[in-house]
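Student: Got a minute to walk me through this model? I'd like a quick tour before I head back to the bench.

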Amino acid sequence: MILACQNISKSYLDQVVLKNVNFHIEKNDKCGIVGINGAGKTTLLRIIMGEEEPDSGNVVISRDVRIGYLSQTQDSELKSTIYMAMQEAKKYLIEMEEDIRRLEKEMEGKNEEELGPILEAYNRLQTRYDRENGYAYESEIAGVIAGLGFTREDYDRPIESLSGGQKMRVALGRLLLSHPDIILLDEPTNHLDMESIRWLEGYLGSYPGAVMVVSHDRYFIDKIASKIIEIDQGVSGIYNGSYSYYSEEKSKRRQAEMNAYLKQQAEIKHEEEVITKLKQFNREKSIKRAESREKKLDKIEVLDKPTETRTDMRLKLEPVTESGTDVLLVEGLARSFGDNKLFENLDIDIKRGEHVALIGGNGTGKTTILRIIARKLSKDAGRVNYGAKVRMGYFDQEHHDLDVNKTIFDEMADSFPEMNNTRIRNVLAAFLFTGEDVFKTIKDLSGGERGRLSLAKIMLSPANFLILDEPTNHLDIPSKEILEDAIRNYTGTVLYVSHDRYFINRTATRILELKNGNLTNYIGNYDYYEANREKLYELAHGAVPDGVISAGEQLSQPKPSGGREEYENRKKLEAEKRKRLNAIKNIEDKIEKVEGEIAKLDEQLNDPANGTNAGLLIDLAKEREEVAEKLEKLYEEWDNLQE
């Protein structure tokens with residue numbers, strides 16, 4: 001055990017945030033901390049870091065354990081460049097390197113007696129430098145910078161010129177490079193693109209230390225966590241498994257807790273009825289018995305009602321009418337904005353009952369495609385055809401379908417004039433708008449509230465083809481899970497854009513990836529896409545550059561011949577690839593040979609028989625430095641060939 005939270009409690013005025021929180025962390029634990037917004041997750045991290053004091057309880061940290069913490073707000077006053085900021089995390093290695101060079105100079109001209117303590121310090125420092133992988137720290141910095149989405153051209157960019165998200169990425173990189181024993185991360189994926197998130201998942205998954213992550217990215221937690229710490233009503237619960245395991249197990253526990261709560265409530269109600277009846281008898285014995293029962297009832301530890309069940313929010317998506325088999329056919333779709341050509345000659349074919357996720361990098365044109373299909377935006381070229389009996393419902397992430405000057409109630413009443421007031425109230429209540437909330441003006445609503453209202457409107461529409469643009473934005477995890485279940489059980493057709501990989505994984509039957517202006521088709525959920533994306537994209541790339549390629553076709557059908565010129569080009573590319581692979585193999589052989597030379601030099605430097613020969617040691621140290629420089633150049637050449 002390297003960290004333990006023992007009975008941690010924290011309140012702000014009358015609000016209890018944490019209540020007797022208990023858990024411990026082992027050396028290599030990878031933990032996700034989950035809970036609804038405001039549950040106290042960030043407060044818990046701040047207490048662990050000593051930035052806040054608990055009202056009661058203790059945080060116990062093992063001796064010599066270093067903790068690194070990435071909060072949601074960072075000091076952005078650094079006056080250095082990106083590379084210099086990252087290099088700062090390796091300052092101890094740079095200083096060690098300088099000390100090694102200094103000791104080498106001190107050894108020059110020393111006699112045997114003077115050389116002894118210097119050589120001892122030199123060998124000790126050299127051993128530590130090797131153990132800390134000092135010779136590779138520059139490569140490690142380069143790898144972290146690239147992994148977080150920066151390029152070599154960004155190395156000299158001043159920190160003060162970066163956006164808030166870029167500064168957060170620099171802070172994350174510095175933290176990872178410092179190699180703490182425990183990494184605490186508060187929403188680390190907020191400012192990362194998909195590729196950087198994948199890189200971070202791999203980095204943290206193999207990190208030789210403990211990791212604790214607060215995140216709303218459930219797929220991210222699912223990938224890295226083997227333990228889930230849940231904060232629910234201030235109380236901690238431990239689940240030894242992934243997020244998926246936690247989600248399933250939590251549902252079972254919640255049901256058991258609800259059953260226990262309802263059973264106890266029934267027993268309490270029964271006991272109160274008995275007490276009332278005994279008092280009504282108005283006899284000495286009956287009154288004494290009533291008093292005895294009251295004392296017994298007072299001693300009962302009343303169970304709290306389980307939270308997050310959201311039994312008051314029911315999403316049941318069901319089309320009023322069934323469409324034909326062919327729902328959507330898009331052919332030759334193209335769209336540009338000025339000189340920025342997003343895509344051209346795209347084809348999409350969607351059948352009844354499919355749940356299709358459209359994914360891709362920021363700015364690739366995903367929302368544009370949805371808006372064109374929903375007839376909210378004109379196209380430059382191509383055709384968009386709906387099938388027979390298709391009725392479309394469109395969810396806009398900007399919620400342009402809402403009149404911000406209306407109240408919630410009026411928006412619904414005007415959109416569905418055939419509905420009476422009671423029906424409107426019942427529907428709004430299903431989406432957590434109750435009491436006087438229904439008379440709030442839409443312009444005063446939060447993003448999540450506007451999203452729920454837009455979903456309510458789609459629910460009541462006669463649509464059998466739902467087009468959804470980021471439907472989970474601003475929703476907390478329980479609301480996302482309810483929406484996921486509704487879409488999974490929906491018998492109509494869905495096309496949506498989402499960055500929530502866990503949501504995609506649970507709801508998609510097919511994935512379209514928009515990349516480099518092309519669509520690639522993956523028949524499966526997000527896990528299938530992750531496992532096959534590189535292979536299938538490589539097979540699809542250039543084969544049918546402007547259309548959709550079926551994942552099944554990619555795996556089973558060879559690329560059709562495009563004539564002599566295409567054959568020669570492919571042959572040339574294959575020859576270049578073989579040449580590059582041979583060059584990489586040659587460099588790897590050289591690296592192995594040079595590493596052997598360094599090992600022999602180290603053996604001579606550490607040989608007690610050479611300990612009194614100052615001249616030999618200095619020559620050996622210089623030779624080692626020259627060979628190490630040669631090795632570093634080979635590493636750089638190998639990196640360049642790999643790129």
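Tutor: Sure, we'll start with the overall chain, then go to the pocket and one buried residue. Keep in mind that this is a predicted model.

Student: How many helices and strands are there in the chain?

Tutor: The chain has 20 helices and 19 strands. Its C-alpha trace spans about 105 × 90 × 45 Å along the principal axes, and 45% of the 643 residues count as buried.

Student: OK, pockets. What volume does the largest pocket have?

Tutor: The largest pocket comes to about 1100 Å³. It is lined by 42 residues, and those closest to its centre are Leu192, Met194, Asn362, His499 and Asp500.

Student: Which elements give two or more residues to that lining?

Tutor: They are α7, β12, α11, β17 and α17. The largest share, four residues, comes from α7.

Student: And how do the lining residues divide into nonpolar, polar and charged?

Tutor: Nine are nonpolar, 18 are polar and 15 are charged.

Student: Switching topic: where is Glu513 found?

Tutor: Glu513 sits in strand β17, an element that also contributes to the lining of the largest pocket.

Student: Is Glu513 buried or exposed?

Tutor: Glu513 is buried, and it has no salt bridge. The nearest side chain of opposite charge is Lys515, 4.9 Å away. A salt bridge has to be within 4 Å, so that pair doesn't count.

Student: Then what does the side chain of Glu513 make a polar contact with?

Tutor: There's a polar contact with the side chain of Tyr529 at 2.7 Å, and another with the side chain of Tyr522 at 3.3 Å.

Conventions:
Residues numbered from 1 in each chain as written. Predicted model: local features only at pLDDT ≥ 70, side-chain atom pairs only at ≥ 80, totals over all residues. Heavy atoms only, no water. 1 Å grid on protein atoms, 1.4 Å probe; cavity = no way out; pocket = protein on both sides within 12 Å on 5 of 7 lines; lining within 4 Å. Points joined across faces, edges and corners; volume = space filled by probe spheres on them. Nonpolar A, V, L, I, M, F, W, Y, C, P; charged D, E, K, R; others polar. Buried < 20%, exposed > 50% of the residue type's maximum accessible area, 1.4 Å probe, protein only. Lys, Arg positive; Asp, Glu negative; His and termini not counted. Polar contact = N/O pair within 3.5 Å; in protein donor to acceptor, adjacent residues only side chain to side chain.
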